[in-house]
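Hi,

Here is the structure I said I'd pass on. Have a look at it first, and my notes follow below.

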Amino acid sequence: MKKAAAEASPCEACGLLFGAGPHITAFAHTRNVAATPETRFEIDPAALFAALRAERAGGATLLGYWHSHPSGDPLPSATDAAMAAADGKLWLVLGGDDVTCWRAGTRGRWDRFAAVALILA
């Protein structure tokens, strides 16, 4: 993810998180199709739908999403909160060398995200 974020800069990089239970075991880098990728991200709908179809067919569980903040701020922005569905999915945010993880749909930052402990292995 950090490599994809560095390569995308000054645009935001984004993608999908997969795993089982509370464990993120894999990720995918997807195309950022936002109209202004320097300040926004939008996961390529084709990649998202393909992941959901694969999950329904017994593939990896889609746990959430990741994206980068080229500004270096690893916290969800007000724009992130406005975009987030209250679906309990994880949101991993990369800012500089820092990575934070959040659960959407719970009270907390911007009244939308609760911090989730992230243990990197």
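**The second largest pocket**

The second largest pocket is lined by Phe41, Glu42, Ile43, Pro45, Leu48, Phe49, Tyr65, Met83, Ala84, Ala85, Asp87 and Trp91. Keep in mind that this is a predicted model. The space in that pocket comes to about 270 Å³. Sorted by class, its lining has 10 nonpolar and two charged residues, with no polar ones. Which element gives the most to this lining? That would be helix 2 (residues 45-56), with three residues.

**Aromatic pairs**

On to the rings: the count is four aromatic pairs. One of them joins Phe41 and Trp91, edge-to-face, with 5.7 Å centre to centre and 75° between the planes. This pair links distant parts of the chain, since the two residues are 50 apart: Phe41 sits in the loop between strand 2 (23-30) and helix 2, while Trp91 belongs to strand 4 (residues 90-95). Are these two buried or exposed? Both Phe41 and Trp91 are buried, and both also appear in the lining of the second largest pocket. Ring pairs also tie Phe41 and Trp91 into a cluster with Tyr65 and Phe113; of these last two, Tyr65 is another of the pocket-lining residues.

**A cis peptide bond**

One more thing for your setup notes: the peptide bond from Ser9 to Pro10 is cis, and its omega is near 15°. As for where that is, Pro10 lies in the loop between helix 1 (2-8) and strand 1 (14-20).

Cheers

Key
Residues are numbered from 1 along each chain as its sequence is written. This is a predicted model: local features need pLDDT of at least 70, side-chain atom pairs count only at pLDDT 80 or more; totals for chains, interfaces and linings use all residues. Side-chain values use heavy atoms; hydrogens and water are left out. On a 1 Å grid over the protein atoms alone, a cavity is a set of points where a 1.4 Å probe fits but cannot get out, and a pocket is an open set with protein on both sides within 12 Å along at least five of seven lines; lining residues have an atom within 4 Å of a point. Grid points are joined across faces, edges and corners, and a volume is the space filled by probe spheres set on the points. Helices (H or I, at least four residues) and strands (E, at least two) are DSSP runs, numbered from the N terminus. Ala, Val, Leu, Ile, Met, Phe, Trp, Tyr, Cys and Pro count as nonpolar, Asp, Glu, Lys and Arg as charged, and the others, Gly among them, as polar. Rings of Phe, Tyr and Trp (its six-membered ring) pair if their centres lie within 6.5 Å; planes under 30 degrees apart count as stacked, over 60 as edge-to-face and the rest as tilted. Buried means under 20% relative accessible area, exposed over 50%, partly exposed in between (1.4 Å probe, protein chains only).
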